[in-house]
Amino acid sequence: MACQQSTQQNVSKETDVDLNDCLLKHMDISVSETEKRTTSALNIRDCYTVYLIETRITDNGWELVEHGLGQIWRRYSEFEQLRHYLCNAYPWAVIPPLPEKKQNFPVHNLPTDTFNPDFVDRRRAALENFLHRIAEHPVISKDSMFLMFLQQEDGWRNSISDIGYVKMAEDKLRALSAVVRTKETDPDFEDLRKYSQNVKATLTNILRIRARASLKIYNIYKLNSGYGKVFSEWSAIEKEMGDGLQRAGHFFDSIAAWSDTFLEDEEQIIDQLKEYLFYASSLEDICCKRDMLQLELEKLNDRLTAKKEEKERILQGSQFYRFCP
């Protein structure tokens, strides 16, 4: 009964954190707009997209609130910095993945322009989901750097750099060799690693197949759309066959319309599959962090063993000189 009551209260005694409380219960967060900007440095024009983060406090009595209403423009690279910081600060947590920076597995064979309005809008919605998932966590949502990311535009970049953002790149290099160098492995983490790798491989194959299938549907759309236009213009010229040509044009237009609807639905499905793919990578990152911690632990144990052996040699040496005539 005592365990059940403790579970019902949902309060962690070790960390003194209310597991029912999170930032999203006190603040509305949305990524509402996008804007394309340019910067010139050394006569080189660089274009990039910024996203407007709007926050509105729904609980004015909350102690972590600094601004009741806020609007901040953030670049995608800043979202990356935030996620890298959270991965480093909370190695025990599965940090939600970010949407892709460049479009992979497109549903049609067009140039994958990162400034495509449709792609930018889908990435905007995915970034909003990313913020919501972090804001729903009872611990990570109250992180000072995350709150600063939402509420303070000036000084956040310097603060995140001072904390040790560059250390994340070093940790990735260490993680590459940690798996090979560790003496002991955890069966549960190894199963998790294999599971995430299998999910990634399976989803990658599914995405490739669906992308090829979508390309064929897109070619059907282009073909029938062109035929519909030709037959419609032809019907305006031919008086005797005008009605038949017009009906044929409508038939091709209907096929093109169906293909267009199918491609829109397929684009949403592919985006959801990509999210599962990125989450599998997040699970694999957890295993890499465990390997890094295991490697550090083994190094400390080796150092402790070496110190104990050195101490024994010193004691044996002192006893030898004590009994030596």
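In which helix does Lys216 lie? Lys216 lies in helix 7, and in this predicted model the residue is exposed, with a relative accessible area of 59%. The C-alpha atoms of Lys216 and Val107 are separated by 9.3 Å, although the two residues stand 109 positions apart along the chain.

## Overall layout

The chain is built from eight helices and five strands, which follow one another along the sequence in the pattern α-β-β-β-β-β-α-α-α-α-α-α-α. Of its 325 residues, 34% are buried. Among the contacts in the chain with a separation of 6 or more, 70% are accounted for by residues 24 or more positions apart.

Three of the helices can be set beside the span expected at 1.5 Å a residue, as in the following table.

| Helix | Residues in helix | Span between end C-alpha atoms | Expected span |
|---|---|---|---|
| Helix 2 | 14 residues | 20 Å | 20 Å |
| Helix 3 | 19 residues | 27 Å | 27 Å |
| Helix 7 | 51 residues | 75 Å | 75 Å |

For helix 7 the distance between the end C-alpha atoms agrees with the expected value, and for helix 3, which covers residues 117–135, the reach is likewise described as close to expectation.

## Helices 2 and 3 and the nonpolar cores

The N-terminal end of helix 3 is capped by Asn116, a side-chain oxygen of which lies 3.0 Å from the backbone nitrogen of Asp118. The buried residues of helix 3 include the nonpolar Phe119, Val120, Leu127, Phe130, Leu131 and Ile134, but Arg122, Arg123, Arg124 and Glu128 are also among them. In helix 2 the buried set includes Tyr76, Phe79, Leu82, Tyr85 and Leu86, together with Glu78, Gln81 and Arg83.

The largest nonpolar core has 32 residues, and those with the most contacts inside it are Leu131 and Leu150. At least two residues of this core are supplied by each of strand 3 (27–41), strand 4 (44–57), helix 2 (76–89), helix 3, helix 4 (144–151) and helix 5 (156–163). Leaving aside residues up to four places away in sequence, Leu131 touches Ile29, Val31, Ile53, Phe79, Leu82, Phe146, Phe149 and Leu150. A second, separate core consists of six residues, including Val107, Leu207, Ile270 and Leu273.

Val139 has its place in the loop between helix 3 and helix 4. With a relative accessibility of 26%, Val139 counts as partly exposed, and its C-alpha lies 8.8 Å from that of Asp21, a residue 118 positions away in sequence.

## Cysteines

How many disulfides does the chain contain? The count comes to zero. Cys47 is partly exposed, at a relative accessible area of 30%, whereas Cys87, one of the buried residues of helix 2, has a relative accessibility of 6%.

## The start of helix 7

Asp186 caps the N-terminal end of helix 7, where one of its side-chain oxygens lies 2.8 Å from the backbone nitrogen of Asp188. Asp188 itself lies in helix 7 and is exposed, with a relative accessible area of 60%. From C-alpha to C-alpha, Asp188 and Cys287 are 9.7 Å apart in space, while 99 residues separate them in sequence.

## Aromatic contacts between helices 7 and 8

A search of the whole structure finds 10 aromatic pairs. One of them, formed by Phe231 and Phe252, is tilted, with 5.4 Å from centre to centre and 35 degrees between the planes. Why does this pair tie together parts that are 21 residues apart in sequence? It does so because Phe231 lies in helix 7 (residues 187–237), whereas Phe252 lies in helix 8 (residues 242–323).

Phe252 also pairs with Phe251 in an edge-to-face arrangement, with the centres 5.8 Å apart and 65 degrees between the planes. Phe252 counts as buried because its relative accessibility is 18%, and the cut-off for a buried residue is under 20%. Phe231, Phe251 and Phe252 belong to one aromatic cluster together with Tyr227 and Trp234.

Key:
Residues numbered from 1 in each chain as written. Predicted model: local features only at pLDDT ≥ 70, side-chain atom pairs only at ≥ 80, totals over all residues. Heavy atoms only, no water. Helix = DSSP H or I, 4+ residues; strand = E, 2+ residues; numbered from the N terminus. Expected span 1.5 Å × (residues − 1). Buried < 20%, exposed > 50% of the residue type's maximum accessible area, 1.4 Å probe, protein only. Polar contact = N/O pair within 3.5 Å; in protein donor to acceptor, adjacent residues only side chain to side chain. Core = buried A, V, L, I, M, F, W, Y, C linked by side-chain atoms within 4.5 Å. Contact = heavy atoms within 4.5 Å. Disulfide = S-S within 2.5 Å. Phe/Tyr/Trp six-rings, centres within 6.5 Å; stacked < 30°, edge-to-face > 60°.
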